[in-house]
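Reader: I have this chain open on my screen, and I would love a close look at one part of it. Could you walk me through the small sheet, and then show me what surrounds it in the wider fold?

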Amino acid sequence: MLMDVITNPGPLKDIVLYDQEKHVSSAVWDGQERGALRCHEHTSKLSEWKLNSKQIELVERAGFGYLRRIPAISLDNPLISALVERWRRETNTFHFTVGEMTVTLEDIALLLGLGIDGKPVIGFTYTTCSSVCERYLGQAPDSTYASGGMVKLSWLKETFSFCPDDASFEEVERRTRAYLLYLVGSTIFSTTTGNKVPVMYLPLFEDFDDAGTFAWGAAALAFLYRALGNASVKSQSTICGCLTLLQCWSYYHLNIGRPKLNREPVHDHFPFVLRWKGKQNGPTANRDVIFYRKALDVLKPSDVEWLPYENMDGRYIPEHIRNSLQLGRSRTMLISFDKAERHLPDRCLKQFGLFQGIPEDVHKWVRKSRGVDGGVNFSSKMEAELNEWEMRWDNIVPDDVLGVDEADYMRWYLGITRKVVGRPVSLSSEFQRTIANVRDILELAENFPTHDLDLERGNMMARIISLAQDCLRDQVGVTPTESQQQIELGKRMRGKERVRRKGMGKRRKGIDPMEDYGGSEDESQFGGPVLEVDQLHLPLTHHGNSVYDGTHMYDPVTKVDDMELCDEIPQLPEAQDMNKIDGGSSSLDVVGTSNAMTGEESLGELPESYDVKREDRESKVEDNDAAKESNEENVNREEEDGIDMGENVAESSSLGRRGENSVVA
């Protein structure tokens, strides 16, 4: 099971989750962490509004009496972010290991106390604020507080948060409308702008009794669905909407991140969100998105509360709320001005105490981006959605489902869902495991007996070795023990090379038996280039050009081991011979002697004008020139006809051995 998840976390079939490539879970699987989302909800300043009794009455008549009582609740951004990673906008549900779950109309009615039955929240949008604010608030903000059809929340609070006792009834209504606009703009309709709210809601507050007939709860849920869907796209970093609702829904349904609070009588009152407002009686753990992600990836049925309100005291639930709770099982369209979202409770029947069967197919639909500054009436542009909302009572999912096999459902569900969001095994661990496997393949290939192979299979084996080494060449990984060994080896090799260079710099050019070798300081006894990674020299044997002659694996050119040569350097010619070679003066002054590698034989006298540093530089230049000539020779050899490859390689090897014998003789 674990290996299946590692290779394919799902979905195995894209018949439901057809937007997987855009989803944040794809980015997380590829190691692209976006961290916790910025959560936009602006409830901290709500307590600064001072409402008198007349205003409170108007707020209750408008349908927001319970929402007004909900205080600011500290948001757990990492928990919300982890929940978003499980949200799928194709179905408007969370995809957990135990099945699909969602925030339903029943949840929003019980948690926030908002009406879920009534007229859809829709109307005109506006391109400017001035005329609307003048009509419904009695004054308009200046340009610093307005932007298109939106007004800053700070202007509403600074201008209307206090209502004098002797204010006229018209002034009381204006200030109450300003409060309602601030209330919805900071809670259920909070936007990612941070501190603005569209003025399009103001006309709905013109008549407070009429305002109470709108389905504000359904509109708030549509707004939250859209916000969750937008935030689940991997390119997003913010989320808005009623996040207090989302967080408290999680507290009720999931035993993950649930706080332990001191119980007070008010927490058993309506709305049920109030249960989670209070002082914690234990230390708060420092939990991040990864912590919650892992918890959700291994979510067990025992961690889920399918019916969290079952034992709540129903006496506190208002009658109009209680009578509308059945709409929680309605397959309908939720509407909030420019936003229309599907409500699909048939995918979460366990939340209503019913058996879950395989739900109906969800057809792809494109969410239209209509904007809020268009100056249009959406009632004429969303006829199909409005008709579906009108039929909400006719589309209640029945509660007498028979013959449902939940085992069939889970088999179906595991094929269409994303099983996990985070990798069970980290990318670094998988990388190390892959590198180790490639090393094993390389070792097997290099040690594979080739004497019985024909030419074609031998070249195939050489190709395998070449590919494996290409993989390891750019991605080198060694254990700490290997690292120390390679460091020490590199130090010894570079030290010996410096000794050799220092000794050779004191010899006259043109007679150095090493000049035909063309080796460099960065080449080791392993016969290949040294790859430097973070100051660590790791020699890699290079078989990229290896060929097979039917018996052995050969490199096109066999190089002489420089360390062997350092131990076998012969005595150099006497001073007079050197003078003949250079055609210089016969008068030589003795400026010093230099021992050979054996420490026994003198280099002889050097001319008075001899410059050791200059000769060392010239020696290095000649070494480089010799290396270039050797490389050109190698290229020419590789371009020869491959028919006589084995013979040519053997001859090259023989020439190399004869050259070695002539040097050390």
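Author: Happy to! Start with a pair of residues facing each other: Phe94 stands opposite Met101 in strand E4. Keep in mind as you look that this is a predicted model.

That pair belongs to the meeting of E3 with E4 (residues 99-101), where the two strands run antiparallel and are joined over three bridges. Further along E3, Phe96 faces Gly99 of E4. The connection here is a hairpin, with two residues between E3 and E4.

Now turn to the other neighbour of E3. Strand E2 (residues 87-88) also pairs with E3 in the antiparallel sense, this time over two bridges. Here Arg88 is the residue that stands opposite Thr93 of E3. The hairpin of E2 and E3 has four residues between its strands, and in it Asn92 adopts a positive phi near 55°.

Put together, the strands give an open sheet of three, in the order E2-E3-E4, with antiparallel pairing. E2 and E4 are the edge strands, each with a single partner, so one side of each has no neighbour in the sheet.

What about the two faces of E3? In a regular strand, side chains alternate between the two faces of the sheet. Both faces of E3 (residues 93-96) are covered: Thr93 and His95 are buried on one side, and Phe94 and Phe96 are buried on the other.

Phe96 also leads us out of the sheet. The largest nonpolar core has 115 residues, and Phe96 is among those with the most contacts inside it, a group that also includes Phe64, Leu112, Leu156 and Ile188. Helix H11 (residues 216-231) gives the most to this core, contributing twelve residues. Apart from it lies another core, of eight residues, including Ile435, Leu442, Ala445 and Met461. As a general background, nonpolar side chains in soluble globular proteins tend to be buried together.

Leu112 makes a good stop inside the 115-residue core. Not counting residues up to four places away in sequence, Leu112 touches Tyr66, Leu67, Ile70, Asp107, Ile188, Cys242, Leu245, Pro271 and Val273.

Cys242 then takes us to a charged residue, since Glu41 is in contact with Cys242 too, and also with Leu75, Ser186, Thr187, Ser190, Gly241, Leu243 and Thr244, leaving aside neighbours within four places in sequence. You will find Glu41 in the loop between strand E1 (38-39) and helix H3 (53-61). Glu41 is buried yet has no salt bridge, and the nearest side chain of opposite charge, Lys277, is 11 Å away. What Glu41 does have is a polar contact of 2.6 Å between its side chain and that of Thr244. The Glu41 side chain also reaches the backbone nitrogen of Leu243, at 3.0 Å.

Lys277 has a link of its own to follow. Leaving aside neighbours within four places in sequence, Pro71 is in contact with Lys277 and Leu274. Pro71 and Lys277 are 206 residues apart along the chain, with 7.6 Å between their C-alpha atoms. Look for Pro71 in the loop between helix H4 (65-69) and helix H5 (77-84). Pro71 counts as partly exposed because its relative accessibility is 31%, whereas Glu41 is buried.

Key: Residues numbered from 1 in each chain as written. Predicted model: local features only at pLDDT ≥ 70, side-chain atom pairs only at ≥ 80, totals over all residues. Heavy atoms only, no water. Buried < 20%, exposed > 50% of the residue type's maximum accessible area, 1.4 Å probe, protein only. Lys, Arg positive; Asp, Glu negative; His and termini not counted. Salt bridge = Lys/Arg side-chain N within 4 Å of Asp/Glu carboxyl O. Polar contact = N/O pair within 3.5 Å; in protein donor to acceptor, adjacent residues only side chain to side chain. Contact = heavy atoms within 4.5 Å. Pairing = 2+ DSSP bridges. Core = buried A, V, L, I, M, F, W, Y, C linked by side-chain atoms within 4.5 Å.
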